[in-house]
Structures are given as C-alpha cells and as structure tokens.
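Trainee: I would like a close look at a single part of this protein. Please pick one spot and walk me through its surroundings.

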Amino acid sequence: MANQNDKKTGQNQREHTEDSRALLGRRRFLQASAAGMAAATLPGMAGCSDDDNGIEPSGSSLPGEPSGSGSALPDPEPGATAMDFDPDAVTQDDVLFNFGIQSGAVTRESVLLWTYAENSPPITAVIWRDDPVQGRLEVARASGTPVDGFLKLPLDGLLPGRWYHYAFFHEGADGTFDLRSPIGRFRSALPEDSLEPITIAGLTCTGSQNQYRPYRALQLLAEQELDFFVHLGDIAYCDAATRIRGYEGQTPEADPDGSLTRQAYRDIWRFHIADPGYRALFPRTSWYMTWDDHEVDDNWDPETADEIVLREAFAAFDENLATPRDLDGGRLWKSYRWGRTLELFVLDGRSERLPSTRLTDDPIYLSREQMDWFKQGIRDSPCHFKVVLNSVPMAKMPIPPWALEDDRWDGYDFARNDERCDPNTDPECFDDPRWEGAGNPRREILDWIDEHDIENVWFLSGDFHVGFVAYIAPNRTGRAGRTMDIAVGPSANVNPLGLLVEEGLTPAERVFPANQFLYYQGNPAATTTLRFDPASNSIRVEFLDAREGHEGEVLHDVVYSQDDL
C-alpha cells in the first residue's frame, strides 16, 4: 500500500467549507449555553408548551418541503385528505404519553411509529404534512390498543423524500381528539433514482453510569438537521436485569416464570429512554438500530445464556423501540435504501454467533443465511454508498499497552512474548466479542469486497467507547485495503485506554498507529455526524464534544473519499 501517513496528512488538510444544508457548525453550537440548549430540547416534559417541545409548530417548513406561498409538491399522496382538526390545538399530555414517541424503519412508502401510553387507552396515530397551496393534508392514520402501555403501528401511503409530522391522539367522550403526544417528524426515504446528499448521525454506548446523564450528545444532535440517525448498540445497559436469575448466588427458581426479569428489563429501558437526551432526539427524526451486548447482558453468549433471560431481554428490546424485529419473525438484519445515494445494511453480530464453533473450520459469527444475504447485498446494491451498521469494530485493532500472556481485550488472545496471534491463520485466536477474533468470517467479507471490487463499503461501529476513523485492514491491498471503519461516539461512556492516550499517559502510536488510524478520540461524550455526497464521492465526518461546558466544540471535521485512501 501507499504510505498511509502521507494519506493521513493530506486528508486532514481537507477541511470542509460551510454548507447551509449540511451539519451545523461550531459557531451555532457555541452561541448557545448548555443550559439554554437543554431548555430548548426537552420535548414532552411536564409543563412544556407546544413551542417548547423541540419540534417546530406543524406549519413550519422542513428541509425538503416547500415554504411560503410557492407551488405545492407534485403528486399528492394517495388517499391524502384535507385535515379536519388542528393537531397544535389538542392538549399535549405528558402524563399519558410519559415516554415520548419514536419513528423507525422508514422506507419510501412507510414508517413504524412507537409510543407508550399509560393505562392503555385506544390510541390513534396520525401522519400529516403542510402544503403551502393545499394546506394541511392528512396522509395516514391507524389506531390500536397498547399492550402493557406499548404501541407500535406501521403506516404506509407515504411518498419518497418528504418530511412528515406525526403524533398519537387520545379520543375523548365526544368522539374528538382531546389529548395528544408530543409532535414528531421524520423524512421518508429518497426516491428510487435520487442521488441527493444525506446527513445522518451515529450513536453507540449510551450511558451505563449516572455521571453521563443527561445524554448531552443526544441533546446536541437534536439541534442538527438530520435525515435520520443510527444506533450501533448498547442503546440501554440492561445487565442488572439478569441478576435475578442465575447470577450472584441466585438460581432460576428465584424467578421461575421470568416475570421479575421482565419487569427489571422494562424498568431499565424506561430509565434510559426517559432521559432528556432521548426525549429531545426521538421526535426530531427517524432512526435505525442494531443491538450489541448490553441490551441483554455483558458479552452474552447465545449458546449458553438463560432461555428466559433471552426471551425477556428480546421482548423488552422489541417493546421499547421502533424496531420491526418482532414484526419480521425475530430477524434483526435488514437493509434500507435511500435512493441511489445510500443503502443501509443493519447487521446482527450478536444473536446468531456460535462461539462453540470458534475452533472449527467454519466459525459462525453471522449465520450463513445472514452472511450470504450481506455479501450479495453489498455486491448487487445500486447505491453509491453501502453503509454497514455493525455493533463491534471490523477494524484490526492494536494491542492494549497492559497486554500480557493470556490477557484479552474484546476479542484478542495474546500469545507468548506479548505477540498477538493472527486470526487468519490461528483458529485459537477466535474469541466471541469481536469481528477480528472471528477470523474466517471477517476474511470472507474482505475477500469478497476485493474479489468483486466493491466500492464505498463503509462500516459504522460502536462497542469500544472510543471514536475513530481507521482502515479495516491496513496491510491488505486492493479494495479491502481502502475500506474504512468509523467508530462513532461514544454517546455516554468511557474507555480508560482512550483517556490514557488523551492524557498522554500511553503512547498514541502503540494504541492508535498512524498508518491505520486517521483520527481517534477518547472523549466519553461525543457526537458523530456523517454527510454522504455521491456527487463528490465523499463523506464528511464530524465529531463534536458533548461534555458539559464543551458542548459543540469541534473535535474533527474532515471530508474523506475512497479515491484518496
């Protein structure tokens, strides 16, 4: 390969100019105090008026919508009708809808809406948009009765690339809507042939300790204009729920039917999604997600985990999030296309792995069905960018400075004399938490990218509580040698190793060698925003500081192109 230190130097000089359609820059963030930002982005909290809930009034125009008195959008949605009530005039009830709203799994035609409604009354979801000529148009509605307070409603009838408003409504005794949730918004996926730039944010590892609450990274992102955001896992830290059965001296008999475990998972999820950060971000745009380990338990093993724990953990994941996993027969992996700009591949790198196969000729990190689907998908995708939601890094990672014989750090086995084993030649190097430990599956994907010369596959990763931009396989040639892994965030967690490097207590070159890592940071609270632009064949990657007192300070803002890597 060419000298990557030279590439790093050249790349870091390519600072992006201001673009009013792209990310908010340093100046806007620094103009607001932390207190003012928090006050402006707490939707759905008691005592807030409609204008305080972090969402523009329904009549406000959104990116991609016409404004003022211009012409209407072409081709009104099938079935769209003039709206016969004013959503803004309906009382917002933050007691009834006390865990907010979400929109997810967005396609060109459909969306999955979520809410939690205390006391489980019948609830109606309504989607609308404001047309400057035709007025307010109701596009879709659906009703359902929450189960234990939880309600997910799939709605269709959308047209591509449009911003929509939505809310959940309670019907009063007179048959009219008397109470509603906060008003949210989302954008439908782009038209099939569109090459419009897309701006997204990436989250991971959101808050295992109270010291990082509220989740300021999420509050900062709620101030940005995003087409959608993604979460790479550890959306909530639910480990404590497993303690009821089989941990710390307990036995499964302590909770024979799993009801206590179920309630424990629900309580932990509520603790997380009630945070002002999630409450600020969820109404602003839609999201896609995968899981990592802490949605169930730290480094859980699908082959040995308690079946009731898994049942209740999976059910809580499905209940609390706008995910279609339960609607798709329990399958998490899926892809979503945004025009020809971007195809998003959501991987499940946790529930299908079989650690017992690690010493065989065919170690299973993804099921064969998922692996074949993914390989075919990235090869056949018509989209310019193939973006992979991947819970743990795909990149080759360095040895921690404290590594000794038999030490491990998320997937590393260390051989004698502190020499790292090679997972491509030594099957005993496989350990379940990480891609690199998987050896054969990782190599299979990289070989596939090389064999078919698949351009612009970009992995987004989490798990490690550090942020970086890195070559996945710095010693490889071919297309795989130019394929990158972007570790996002972290949103609200810390890796001591990153802090040691940040403080100069550990040599950076030992942990983040310059020939592989074009950028790294160990900040425990940071945002990551990415703008994908097919016209320039580039991705603008921006990390912002989200620590209290530093909100919005730019950590990294660089444009990357596979042409230059």
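Mentor: Here is a walk from one threonine, T204, out to its surroundings. Keep in mind that this is a predicted model.

Start with the position. T204 sits in a loop. Strand β11 (198-203) comes before that loop, and helix α4 (216-221) follows. Is T204 buried or exposed? Its relative accessibility is 1%, and the cut-off for buried is under 20%, so T204 counts as buried.

Now the side chain. It reaches the backbone oxygen of G233, at 3.3 Å. G233 is also on the contact list of T204, which leaves out neighbours within four places in sequence. H231 and L232 are on that list too. So are G462 and D463. The rest are V488, P490, S491 and A492.

Next, the cysteines. C205 is buried, with a relative accessible area of 0%. C238 has a relative accessible area of 0% as well, so it too is buried. Neither is in a disulfide, as a search of the whole structure finds zero of them.

Then the strands. Strand β17 covers residues 457-461, and β19 covers residues 484-487. These two strands run parallel, paired over four bridges. One of the pairs is S461 with A487 of β19. On β19 there is another partner strand, β18 (residues 467-471). That pairing is antiparallel, again over four bridges. Here F468 has A487 as its bridge partner. Which faces of β19 are covered? Both are: M484 and I486 are buried on one side, D485 and A487 on the other.

Step back to the cores. In soluble globular proteins, nonpolar side chains tend to be buried together. The largest nonpolar core here has 56 residues. Among those with the most contacts inside it are F228, Y288 and L344. L344 touches both F228 and Y288, along with V230, K334, S335, Y336, V387 and L389, leaving out residues up to four places away in sequence. A second core is separate and has 46 residues. C238 belongs to that second core, as do L226, I235 and V494.

Last, a helix for comparison. Helix α5 (residues 259-273) has 15 residues, and at 1.5 Å a residue it should span 21 Å. Its end C-alpha atoms are 21 Å apart, so the two values agree. Its buried residues include Y265, W269 and I273, but also R266 and R270. Among the elements covering the buried residues of α5 are strands β4 (111-116) and β7 (150-155). Helices α6 (276-281) and α7 (307-320) are also part of that cover.

Terms used
Residues are numbered from 1 along each chain as its sequence is written. This is a predicted model: local features need pLDDT of at least 70, side-chain atom pairs count only at pLDDT 80 or more; totals for chains, interfaces and linings use all residues. Side-chain values use heavy atoms; hydrogens and water are left out. A nonpolar core is a set of buried Ala, Val, Leu, Ile, Met, Phe, Trp, Tyr and Cys residues joined through side-chain atoms within 4.5 Å. Buried means under 20% relative accessible area, exposed over 50%, partly exposed in between (1.4 Å probe, protein chains only). Contact means heavy atoms within 4.5 Å. A polar contact is a pair of N or O atoms within 3.5 Å; within protein, one must be able to donate a hydrogen and the other to accept it, and residues adjacent in sequence count only if both atoms are side-chain atoms. The expected span of a helix is 1.5 Å times one less than its number of residues. A disulfide is a pair of cysteine sulfur atoms within 2.5 Å. Two strands pair if DSSP finds at least two bridges between them.
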